[in-house]
Amino acid sequence: MDRLNYINSGNAAYIHSLYEAYQQDPGSVDYGWQKFFEGFDFGKTTEGIAVAGEAGSAPEHVLKEINVLNMIDGYRSRGHLFTKTNPVRDRRKYFPGKELETFGLTEADMDTVFNAGVELGLGPAKLRDIRQMIEDTYCQTIGAEYKYIRNPIKVKWFEERMESRRNTPNFTTDEKKQILSKLNQAVIFESFLGTKFLGQKRFSLEGAEALIPALTSVIGKGSELGIEEFTIGMAHRGRLNVLANIMEKSYKEIFSEFQGKNYDAESSFGGDVKYHLGYSTDIETQAGKKVHLSLCPNPSHLEAVDPVVEGLTRSKIDYKYNGDFTKIAPILIHGDASVAGQGIVYEVLQMEKLEGYRTGGTIHLVINNQIGFTTNYKDARSSTYCTDVAKTVLSPVFHVNGDDVEALAYVINLAMEFRQTFNSDVFIDILCYRRYGHNEADEPKFTQPVLYKAIEEHPNPLEIYKQKLIKEGVVDGAGAAKLEKDFRGILQKMLDESKSEERFTESKPMFLGAWQGLHIATENEVTASLDTAISEKDLLEIGHKLTELPKDKPFFKKIEKLFEERRKMFDETHVFDWAMGEQLAYGSLLKEGHPVRLSGEDVKRGTFSHRHAVLTLVDSEDEYTPLNTLDTQAKFRIYNSLLSEYGVLGFEYGYALANPHALTIWEAQFGDFLNGAQIIVDQYIASSETKWQRGNGLVLLLPHGYEGQGPEHSSARIERFMELCADNNIQVANCTTPANFFHILRRQLSRDFRKPLVIFSPKSLLRHPQCVSPLKDFTEGKFQELIDDSYADAKKVKRVLFVSGKLYYELLDKQQQDKRKDVAIVRIEQLYPTPVAQMQKIKAKYSNAADFIWVQEEPENMGAWPYMVRKFRNSDLNLDVISRKESASTATGYAKQHTSQQLYIIGKAFEAPVSKATKDNINKTTEKMANVAAD
Ligand SMILES: Cc1ncc(C[n+]2csc(CCOP(=O)(O)OP(=O)(O)O)c2C)c(N)n1
């Protein structure tokens, strides 16, 4: 029957007229109505109607039929509001005692037979039975939200599965025993830690232990349905339990961590607390299937791990599973307060169906302990459920009572099946509680005395399930007790062994799988650039492919013109601009077999309309991507991202993590938007190697430069990156030539280690006539961390200007115009690792120079200067600065003021330098005066 949920009793006259029309000619009404009236006429002849007698006139009964249908529909849509899903609190009641009345029905209708029962597969049935059936299905320990899904096939899929079994699990005896055994591990593990490491933080899972059998179940079901690998992201709560009882990290290793035995004084790694560490492993399911599991390391910042897991998964889909979304699935485990409060969840959800970001559906599990630290759920969200964000992408949500471990295992299997069938996200909200405080040293009664009184008296899920199985005769009391005792025995043995070992580190080495052959860089390796040139033959071959537009496709005239200009670079001028330098880097890497992925807002064309890596054909949505026409297996993937920085940067970080042999790049629209993704920079990009021994080769392109566009689009906040630089953690560059940009991109994959690379990329230089590189700069040499001046006369130089980025060209202009051979302009192309040795060489070379000045466009409190002044504070370089004066805002909003500031900087840089002799004199006098003062 067609959906009839648009009808109600108010339509009585209309329905009556339809029925009359149907009686005269069935074909005169819609097919759905024909079927309905057919059933209704059939129902009228059945015993039910005869018995009910007073069922009233035909139209009146038709109305009641409709009411029953509405009731069924109501239960399907809103039954979740009436479930028994909360283990420790009573749910609020809607319309108590008026459930029938709400649908225009009464107790007197309970024995009337309604054809509407057909909708549930019951056939004509008494209202009593219909209601029982929908209550059993939708109002027990599982609440289902799926009716808002617009795809009727998905809706039907759920309806059929849930209603055919009344949403009731029917596990075999063996399966029940397996569930019991996993629950036993989960519960005993926590209580063991609680007694042996009293007061130590572990963010226990107690109250939500059903998560462990649920995960076992989803992994088992997933592997049955073809999944070979799961990537898991989760926060602190229950992480140790997952590591031990799902990931099979050895109990001994975990106990050693509790005893602080994994600390290695020799190591340069800073490490992290145990409930943030990642792990990966191969496990075998109950059915004997091998599954790879990886738990992503995560920072304290809740939900920050979500995009990283998604990116990691997508990378594996692209490179390891050849685009097959059914071989790997992400599982994200959220907390109720964080899933409701953190915007990153929304950003990640919006990726669900996007070509460049989808992962074939994520299984979202929420450990809904109804509290966030001390904050009650009522203060944590405005939405009814913590999972309501799921509805933005029409993802189904199941709310399950965490005390009903079978219901949870059943639902999670259903969710897995759904994910594999439709490649869509699905949420499971596990209603549970947190037995203790936020951590083990915390007193929850200070803030939730009533709830914690209820929790105190509440039996743990193992106790509840054990009693159920004893009642069913699946196990006896003695068997269940033995299970507990045996497992405690195993844990005690592991603890004893861990205590007897002096130091214990069984952590998996970092360079496994795709990272095989790579290593942590030594100091020398980081500072050395390898030869990254390509042959002229390759360059021209790539160039011709990149600039040749197929004759049979219609392109815009301006694009054809642009490509003709590009073509000339290869055929005639042999001088290349920024866009070509960039694409030659990609093309040459692709030719060497390295895939390239570039994502960010509007990257296909490029924010500044310079890239045109993807061309849209005239009057069409079809696209042409020259980089994908090269003669290579490696693919160029380029995606305009959703308007997100935090989510997309996290995704690309994860993407790069899974494949160090692909070049992965994220480009910000303007560099200043990066601060929306600061958590990913601070918590992952800058610190993950130190904290978790996880390298990453991600490249960030951050458009930067003072061009009078106002405070918001001038600065990508170089200072923010410079303050993060230590231990050779990242590379920061601000290149001035297409060739140097080309080499640094190629260098990223040419070495045996990976480091994130932050490039402050240009805007005006994209079209600057001098910002071009000759062919030989691509076919010879390597990335230059520092570029010396080739115009100044070394002997005459009295002042050396150190500069980076586009300001160089403005200084150059002035130098050339005024023919100032006494001022050398030295470009620092790589700000970090800072080429200190090369800078010292510069000092030696310009031996008559008295001034060494850092010149920057940014205000004095920004840019690279605060870093440089710290780095060189005790050096004989005695650096000074020329910059905009310190400022709260990055740049002025007035174009005129911008220009005068710019002229001031350039003018100041070329002010007549003081001679070295005079300067030495001044220094001596100052020193003397200081000594006098000291006396
Ligand atoms: C982004 C972020 N903000 C604040 C915190 C501090 N914090 C740690 S746990 C917590 C409560 C989390 O509640 P919930 O998500 O429900 O998880 P639970 O601890 O209850 O399992 C808060 C606010 C954090 N870790 N991350």
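How many residues surround the ligand, and which are the closest? In this predicted model, 15 residues surround the ligand, and the closest are Arg237, Ser300, Asp336, Ala337 and Ser338.

**First stop: the ligand**

Select the ligand together with Arg237, and look for an oxygen atom of the ligand that is 2.9 Å from an N or O atom in the side chain of Arg237. Add Ser300 to the selection, where a polar backbone atom is 2.8 Å from a nitrogen atom of the ligand. Then add Ala337, in which a backbone N or O atom lies 2.9 Å from an oxygen atom of the ligand. Taken alone, the ligand exposes 580 Å², and the protein buries 75% of that.

If you now widen the view to the whole shell around the ligand, you will find 4 nonpolar, 9 polar and 2 charged residues in it. Colour helix H13 (336-341) and strand S9 (371-372), each of which supplies at least two residues of this shell; the largest share, 3 residues, comes from H13.

**Second stop: the sheet of 8 strands**

Next, display the open sheet whose 8 strands follow the order S3-S11-S12-S8-S7-S4-S6-S5, with mixed pairing. Its edge strands are S3 (142-145) and S5 (279-284), and each of them pairs on one side only. As you move across the sheet, the twist from one strand to the next averages 20°.

Zoom in on S3 and its partner S11 (residues 397-401), which pair in the antiparallel sense over 4 bridges, and pick out Ala144, which stands opposite Phe398 in S11. Then select helix H16 (residues 405-422), which packs on the sheet and touches S3, S4 (229-234), S7 (328-335), S8 (363-368), S11 and S12 (426-431). The direction of H16 makes about 170° with that of S12.

**Third stop: the sheet of 7 strands**

Finally, turn to another open sheet, in which 7 strands with mixed pairing have the order S17-S14-S18-S19-S21-S20-S26. Strands S17 (636-640) and S26 (830-832) stand at its edges with a single partner strand each, so one side of each is left without a neighbour in the sheet. Direction ignored, neighbouring strands of this sheet are turned by 20° against each other on average.

Within this sheet, select S18 (residues 663-667) and S19 (residues 699-703), which pair in the parallel sense over 3 bridges, and find Ile665, which stands opposite Val699 in S19. To end the tour, show helix H23 (residues 578-591), which packs on the sheet, touching S14 (596-600), S17, S18 and S19, and whose direction makes about 140° with that of S14.

Key
Residues are numbered from 1 along each chain as its sequence is written. This is a predicted model: local features need pLDDT of at least 70, side-chain atom pairs count only at pLDDT 80 or more; totals for chains, interfaces and linings use all residues. Side-chain values use heavy atoms; hydrogens and water are left out. Two strands pair if DSSP finds at least two bridges between them. Axes are lines fitted to C-alpha atoms, for helices over the stretch in contact, and angles run from 0 to 180 degrees between N-to-C directions. Contact means heavy atoms within 4.5 Å. A residue is near a molecule or strand if one of its heavy atoms lies within 4 Å of it. A polar contact is a pair of N or O atoms within 3.5 Å; within protein, one must be able to donate a hydrogen and the other to accept it, and residues adjacent in sequence count only if both atoms are side-chain atoms. Accessible areas come from the Shrake-Rupley method with a 1.4 Å probe; for residues, only the protein chains shown count as cover. Ala, Val, Leu, Ile, Met, Phe, Trp, Tyr, Cys and Pro count as nonpolar, Asp, Glu, Lys and Arg as charged, and the others, Gly among them, as polar.
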